[in-house]
Amino acid sequence: MPAALAIRDLYKRYPTGVEALKNVSLEIPEGAFFGLLGPNGAGKSTLIHCTTGLARPSSGSIEVFGHDAVDHYQKARVGVGLAPQEINLDMFLTVEQVLDYHGGYFGMSRRDRAARIKELLEAFSLEEKRKDATRFLSGGMKRRLTLARALMHNPPLVILDEPTAGVDIELRLELWRYIERVNTEGTSIMLTTHYLEEAERMCDRIAFINHGEIVAEGTVPELTAHYGVATLEDAYLALVGREELARA
Ligand code: ADP
Ligand code: MG
């Protein structure tokens, strides 16, 4: 059985000369809840963009369930639901249209789309907004909608790039709960977040990335043992060289 995501020696240099990823290798087993953690500018979004066709790898390979993300882009892309860090909703579409067009793009039948839209609007408490243009939604509602859109075509791998940045506590907890449920039902998850306590609780594997390199990878106990500390937060502080900030 191929991995949900298999990245080998991924190197990405932007035209500006920035080396955002320096030979990153990473494997996310099917069904995993995988955390990709690291400071701002570490290369997390670049890795995600290379995986989803938004950026072109300079070298190396990326496979989604065995499909090459560059050479077999369409097959690979269908396997991924992406909730990007920057909210990118068409402001003139209604909530319902955002989901419907996305489903259409990924080849869902009209009937399947209607059923799935109903389900997702309910799950994300967006029913009352279904006819509203996205430009009238609050920030939290927009976040919900990008999550719902990521899940719309039932992708076997869902990639969430800082899904809870800037959302209130109750929505954050609600989103985590929903994502955990989706994972329990068999969907593989890759998550980037700065909420380390939640990452510690939810993720079964975590990779630390810094300056475009994977510095450590494993279960939470493996990472804390690697750094000789008690919590994931302390391991993270060791990663970024700020051990003196440890709260213990
Ligand atoms: P993260 O998501 O971990 O915060 P990014 O992948 O966004 O990190 O950025 C990694 C590095 O690549 C940073 O130095 C950032 O400034 C740079 N970078 C990101 N996107 C671009 C781009 N489109 N063009 C040039 N440099 C970029
Ligand atoms: Mg980012």
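Author: A helix here is a DSSP run of H or I with at least four residues, numbered from the N terminus. Keep that in mind for this predicted model.

Reader: What makes α3 stand out in the lining of the largest pocket?

Author: Its share does. α3 runs over residues 95-105, so it passes the mark of at least four residues for a helix. It gives the most to that lining, with four residues. α1 (44-51), α2 (73-78) and β6 (80-83) also supply at least two residues each.

Reader: Why is the space called a pocket, and how much space lies in it?

Author: A pocket is an open set of points, whereas a cavity is one from which the 1.4 Å probe cannot get out. About 460 Å³ of space lies in the largest pocket.

Reader: Which residues lie nearest the centre of the largest pocket?

Author: R77, P84, N88, H102 and R149 do, out of 24 lining residues. Arg counts as charged and Pro as nonpolar, while Asn and His fall among the others, so they are polar. Over the whole lining, the classes are eleven nonpolar, eight polar and five charged.

Reader: How many cavities of 30 Å³ or more does the structure hold?

Author: One. The largest cavity has a volume of about 40 Å³.

Reader: What makes up the lining of that cavity, by residue and by class?

Author: The residues are L147, L151, V158, L160, Y178, I179, V182 and I189. Leu, Val, Ile and Tyr count as nonpolar. The tally is therefore eight nonpolar, no polar and no charged.

Reader: Which elements supply that lining?

Author: α5 (139-151), β7 (157-161) and α6 (169-184) each supply at least two residues. α6 gives the most, with three.

Reader: At what angle do α8 and α9 pack, and what is that arrangement called?

Author: Helix α8 (residues 220-227) and helix α9 (residues 232-239) pack at an angle of about 50°, their axes 9 Å apart. That makes α8 oblique to α9. Roughly parallel would need an angle under 35 degrees, and roughly perpendicular starts at 65, so about 50° falls in the rest.

Reader: Is the crossing of α8 and α9 left-handed or right-handed?

Author: Left-handed. The term applies if the near helix is turned anticlockwise from the far one by less than a right angle.

Reader: Which residues make the contact?

Author: L223, T224 and Y227 come from α8, and L232, A235, A238 and L239 from α9. Heavy atoms within 4.5 Å count as contact. By class there are six nonpolar, one polar and no charged. Thr is not on the nonpolar or charged list, so T224 is the polar one.

How values were computed. Residues numbered from 1 in each chain as written. Chains lettered and ligands numbered in written order. Predicted model: local features only at pLDDT ≥ 70, side-chain atom pairs only at ≥ 80, totals over all residues. Heavy atoms only, no water. 1 Å grid on protein atoms, 1.4 Å probe; cavity = no way out; pocket = protein on both sides within 12 Å on 5 of 7 lines; lining within 4 Å. Points joined across faces, edges and corners; volume = space filled by probe spheres on them. Axes fitted to C-alpha atoms, helices over the stretch in contact; angles between N-to-C directions. Parallel < 35°, antiparallel > 145°, perpendicular 65-115°, else oblique.
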